[in-house]
Amino acid sequence: MKTNSNQFSNDDITITYEPSVCINAGRCARELSDVFRTSVIPWIDLDGAPSQKIVEQVKKCPSGALKFRLNQKVA
Ligand code: SF4
């Protein structure tokens with residue numbers, strides 16, 4: 001099966017979004033609309049909030065469509 005995933009990164013974190021898993025509950029867009037935007041592409045803007053706040057919102061995604069990982073800092 002072909003998956004259609006999206007990936008978004010800033011210096012700190014990488015957010016991945018799996019549309020086939022999303023149940024469109026709209027929680028992300030409702031609770032953190034500066035980052036998770038419904039009518040703009042790219043729809044996730046990691047400049048819209050501090051990374052920690054984005055991670056907290058990703059953890060609340062009820063379907064698991066949104067995931068995060070911390071980027072390795074290269075010293
Ligand atoms: S919170 Fe998760 S399930 Fe709900 S719309 Fe956002 S990505 Fe989809």
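**The ligand shell and the aromatic cluster**

The ligand is surrounded by Y17, C22, I23, N24, A25, G26, R27, C28, C61, P62, S63 and L66, each having a heavy atom within 4 Å of it. The model is a predicted one, in which local features need pLDDT of at least 70 and side-chain atom pairs count only at pLDDT 80 or more, while totals for chains, interfaces and linings use all residues. Residues are numbered from 1 along each chain as its sequence is written, and side-chain values use heavy atoms, with hydrogens and water left out.

By class, the shell around the ligand comprises eight nonpolar residues, three polar and one charged. Here Ala, Val, Leu, Ile, Met, Phe, Trp, Tyr, Cys and Pro count as nonpolar, Asp, Glu, Lys and Arg as charged, and the others, Gly among them, as polar. The ligand takes up the space of the largest pocket.

One of the shell residues, Y17, also leads to the aromatic side chains. The structure holds two aromatic pairs (ring centres within 6.5 Å; planes under 30 degrees apart are stacked, over 60 edge-to-face and the rest tilted). The rings of Y17 and W43 have centres 4.7 Å apart and planes at 70°, so this pair is edge-to-face. It joins distant parts of the chain, 26 residues apart: Y17 belongs to strand β2 (residues 13-17), and W43 to the loop between α1 (27-31) and α2. Helices (H or I, at least four residues) and strands (E, at least two) are DSSP runs, numbered from the N terminus.

In the second pair, F36 and W43 have ring centres 5.8 Å apart and planes at 50°, so the pair is tilted. Ring pairs thus link Y17, F36 and W43 into a cluster. Y17 has a relative accessibility of 12% and counts as buried (under 20% relative accessible area, with exposed over 50% and partly exposed in between, for a 1.4 Å probe and protein chains only). W43 is buried at 18%, and F36 is buried as well.

F36 also touches helix α2 (residues 51-59), where Q57 is found. Leaving aside neighbours within four places in sequence, Q57 is in contact with R27, C28, E31, L32 and F36 (heavy atoms within 4.5 Å). Q57 is buried, with a relative accessible area of 6%.

K60 lies in the loop between α2 and β3 (66-70). With a relative accessible area of 39%, K60 is partly exposed. Beyond its neighbours within four places in sequence, K60 is in contact with R27 and E31.

Note on methods. 1 Å grid on protein atoms, 1.4 Å probe; cavity = no way out; pocket = protein on both sides within 12 Å on 5 of 7 lines; lining within 4 Å. Sits in = over half its atoms within 2 Å of the grid points. Phe/Tyr/Trp six-rings, centres within 6.5 Å; stacked < 30°, edge-to-face > 60°.
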